[in-house]
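Colleague: Please put the model up. I would like to go through its helices, a strand and a few backbone angles.

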Amino acid sequence: MTATDRSIELINAAAQAAADKLAHDIIAYDVSDVLSITDAFLLASAPSDRQVKSIVDEIEERLNKDLGAKPVRREGDREARWVLLDYVDIVVHIQHSEERVFYALERLWKDCPEIDLPEEAKATRGKAAEHADATAGEQDGELL
């Protein structure tokens, strides 16, 4: 079994919305063969709680406006460290960069096929590491 066309459409729209709000390391997996509760997972991260919220809001707005999809469940909104949007067909995980590293969801789903995403979403790969290096450089400079 593979993810449905509707699931792929939702994943691509969510990935584009996340990329438009400067999310880092956007990736999607077709989990339909290993899970019966959903077809696909989208993972993305951001370096601040505020940006996590902004990405979540943009995904929700875009999927509702463009595709008529509303999440049946939204969790983690208060802390904005790891927000989960459950659309039944897909589940979107937007994590603070620290949680993304700690929980390493990619490690859990690495055997599942990766879903091809829009170019803007693919271009976000490695952005978290770039941001961490730039931030470390700024901090090092302040210590001198």
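Modeller: This is a predicted model. Start with helix α1: its 16 residues should span 22 Å at 1.5 Å a residue, and its end C-alpha atoms are 22 Å apart, so the two agree.

Colleague: Which residues of α1 are buried, and what do they pack against?
Modeller: The buried set includes Ser7, Leu10, Ile11 and Gln16, and also alanines, among them Ala13, Ala14 and Ala15. Ala17, Ala18 and Ala19 are buried too. The partners are β1 (24-30), β2, α2, β5 and α5 (119-122).

Colleague: What is the span of α2, and what is expected?
Modeller: Helix α2 covers residues 49-67, which makes 19 residues. At 1.5 Å a residue, 27 Å is expected. From first C-alpha to last, α2 reaches a close match, 27 Å.

Colleague: Where along α2 are the buried residues, and what covers them?
Modeller: In an α-helix, residues three or four places apart point the same way, because there are 3.6 residues a turn. Buried residues of α2 include Val52, Ile55, Val56, Ile59, Leu63 and Leu67. Gln51, Glu58, Glu60 and Arg62 are buried as well. Their cover includes α1 (5-20), β2 (40-46), β3 (73-75), β4 (82-86) and β5 (90-96).

Colleague: Which residues follow α1 and α2, and what is the sign of their phi?
Modeller: After α1 comes Leu22, with phi near 65 degrees. After α2 comes Gly68, also with phi near 65 degrees. Both signs are positive.

Colleague: Is Asp25 buried or exposed, and what is its phi?
Modeller: Most residues other than glycine have a negative phi. Asp25 lies in strand β1. Its relative accessible area is 18%, under the 20% cut-off, so Asp25 is buried. Its phi is positive, near 50 degrees.

Colleague: Where does Val88 lie, and what is its relative accessible area?
Modeller: Val88 is not a glycine, yet its phi is positive, about 70 degrees. Val88 sits in the loop between β4 and β5. Val88 is partly exposed, because its relative accessible area falls between 20% and 50%, at 40%.

Colleague: How many residues of β1 are buried?
Modeller: Strand β1 is mostly covered. Asp25, one of its residues, is buried at 18%. The count for the strand is seven of seven.

Colleague: In which sense do β1 and β2 pair, and which residue stands opposite Ala28?
Modeller: β1 and β2 pair over five bridges, in the antiparallel sense. The residue of β2 opposite Ala28 is Leu42.

Notes: Residues numbered from 1 in each chain as written. Predicted model: local features only at pLDDT ≥ 70, side-chain atom pairs only at ≥ 80, totals over all residues. Heavy atoms only, no water. Helix = DSSP H or I, 4+ residues; strand = E, 2+ residues; numbered from the N terminus. Expected span 1.5 Å × (residues − 1). Buried < 20%, exposed > 50% of the residue type's maximum accessible area, 1.4 Å probe, protein only. Contact = heavy atoms within 4.5 Å. Pairing = 2+ DSSP bridges.
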